[in-house]
Protein chains: 2
Amino acid sequence: MTTKNPASGREELSHLIISFYEKISSWEHAVVRGTGLSPAQMHAIEIVGHHEQSLRMKELAEHLGVTTGSLTVMVGRLEQNGFLERRPHESDRRSLLVTLTGKGRKHFKKHHQYHLKLSEDVLAALEPAEQQHFIKALGLIVKRL
Amino acid sequence: MTTKNPASGREELSHLIISFYEKISSWEHAVVRGTGLSPAQMHAIEIVGHHEQSLRMKELAEHLGVTTGSLTVMVGRLEQNGFLERRPHESDRRSLLVTLTGKGRKHFKKHHQYHLKLSEDVLAALEPAEQQHFIKALGLIVKRL
DNA sequence: TCAAACATCTTGACAATCAAAACATCTCCG
DNA sequence: CGGAGATGTTTTGATTGTCAAGATGTTTGA
């Protein structure tokens, strides 16, 4: 009855997407609590950590979806607290490169482990046969969105 | 090669979850732009709209995952801008019930349509045969998380 | 009845964010 | 080559979202 016709599938999916989003959001909040970092700050560290080849402020701002003005204050705080540092760009004197400090890298790695744990929990909800199916489907969706 | 062993599946899924989350987040931002509402405000309206049986401030705060103190200011602004109103609880004089105004309901409905459109776009990335599969899997995941 | 629990609001503080403007630097066209 | 326009960053001023702690009023249960 919930999945018989296309219209109700759409409604159902809409609710599921919202619930999923909210659960991830509060999971992130919980995981980040006690690190002294906000979710937004952790997100910045994640992006820098995943790149590992110093990004410019502009690039990081784009990845985060914020203006460079917002990023200035955020990176300023993260730098003050020793999670990352700004270094001059070798060839473009307008630009600064953002990199993780040792402390920043440590937090990044730990957080990444949490994400892997989350993925495990997600997969645990599915039959082994469904797991690759789901990953593939989500891949298609992310590519399309 | 990316999906052969369980470990890399976990890594892959982790990336996909992050990407999916980010895409939903920026989609929401874009959809809300120009309504005069922030994503957080729209979210509050959505929750009230979906319930439709007036919630108390406390309940709404729990659904949103914020303290009642935070909610006071948020609802205050939404009330000032005519999206919702506070009415005294019939039997508990400590409580206030939050309901949508006509204007609030109008925005709620429009936003809900956007969500349905998003769901459609998500489904469009999959073969018809996969669609119910995906909805079911996401349902299991959300239930488990 | 009255103490404890509860619902809300207020206050004070800070983080996140934007837009717009100020600077410095770079690039490219004439 | 030189200057105009593009680009990258920061600053400033404003708004929103958030919390914790405390104030106020209400309800509940022993």
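This is a short talk about how two protein chains meet each other and two DNA strands in a predicted model.

Hi everyone, and thanks for coming. Please keep in mind that what you have on screen is a predicted model. I'll begin with the two protein chains, move on to the sheets inside them, and finish with the DNA.

So, how many residues does each chain bring to the contact between chain A and chain B? Chain A brings 46 residues, and chain B brings 46 residues. For those new to this, the size of an interface is often given as the accessible area lost when the parts come together. Here, chain B and chain A bury about 4,900 Å² between them. Carbon and sulfur atoms make up 72% of that buried area.

There is polar detail in this interface too. The rule finds 16 residue pairs in polar contact across it, with both partners at pLDDT 80 or more. Now look at chain B's side of the contact. Helix H1 (6-32), H2, helix H5 (102-124) and helix H6 (128-144) of chain B each give two or more residues to the side that touches chain A. Which of these elements gives the most? That is H1(B), with 17 residues. By type, the residues on this side of chain B divide into 22 nonpolar, 14 polar and 10 charged.

Let's turn to charge pairs. Side chains of opposite charge can pair when their charged atoms come close. Between chain B and chain A the count is 2 salt bridges. In one of them, A:Arg10 pairs with B:Glu120, and their closest N and O atoms are 2.5 Å apart. Over all chains, a search of the whole structure finds 12 salt bridges. Let me show you one that stays inside chain A: A:Arg56 with A:Asp92, where the closest N and O atoms are 3.1 Å apart. Where do these two residues sit in the chain? A:Arg56 is in strand S1 (residues 55-56) of chain A, while A:Asp92 is in the loop between strand S2 (84-88) and strand S3 (96-100). They are 36 residues apart, and the pair links distant parts of the chain.

That brings us to the sheets. Strands of a sheet pair through backbone hydrogen bonds, either parallel or antiparallel. In chain A, 3 strands form an open sheet in the order S1-S3-S2, with antiparallel pairing. Why is one side of S1 and of S2 in chain A left without a neighbour in the sheet? Both strands stand at the edges, each with a single partner strand, so one side of each has no neighbour there. S2(A) and S3(A) run antiparallel and are joined by 5 bridges. If you want a spot to zoom in on, A:Pro88 stands opposite A:Leu96 in S3(A).

Over in chain B, there is an open sheet of 3 strands in the order S1-S3-S2, again antiparallel. S2(B) pairs with strand S3 (residues 96-100) of chain B over 5 bridges, and B:Pro88 stands opposite B:Leu96 in S3(B).

Now for the DNA, beginning with strand D. It is surrounded by 23 residues, and the closest are A:Lys58, A:Ser95, B:Ser38, B:Ser70 and B:Arg93. Which part of strand D does the protein mostly come within 4 Å of? Sugar and phosphate account for 73% of the atoms of DNA strand D within that distance. Two phosphate examples: an N or O atom in the side chain of B:Ser38 is 2.3 Å from a phosphate oxygen, and a backbone N or O atom of B:Arg93 is 2.7 Å from a phosphate oxygen. A base takes part as well, with a base oxygen of strand D 2.9 Å from an N or O atom in the side chain of A:Arg94. The residues near strand D divide into 5 nonpolar, 10 polar and 8 charged.

Last stop: DNA strand C. Here 22 residues surround the strand, the closest being A:Ser38, A:Ser70, A:Arg93, B:Lys58 and B:Leu96. Sugar and phosphate make up 76% of the atoms of strand C that come within 4 Å of the protein. A backbone N or O atom of B:Lys58 is 2.4 Å from a phosphate oxygen of strand C. On chain A, a polar backbone atom of A:Thr67 is 2.9 Å from a phosphate oxygen, and an N or O atom in the side chain of A:Arg77 is 3.3 Å from one.

That's my tour. Thanks for listening!

Definitions and conventions
Residues numbered from 1 in each chain as written. Chains lettered and ligands numbered in written order. Predicted model: local features only at pLDDT ≥ 70, side-chain atom pairs only at ≥ 80, totals over all residues. Heavy atoms only, no water. Near = heavy atom within 4 Å. Polar contact = N/O pair within 3.5 Å; in protein donor to acceptor, adjacent residues only side chain to side chain. Nonpolar A, V, L, I, M, F, W, Y, C, P; charged D, E, K, R; others polar. Contact = heavy atoms within 4.5 Å. Buried area = accessible area lost by both parts, 1.4 Å probe. Salt bridge = Lys/Arg side-chain N within 4 Å of Asp/Glu carboxyl O. Helix = DSSP H or I, 4+ residues; strand = E, 2+ residues; numbered from the N terminus. Pairing = 2+ DSSP bridges.
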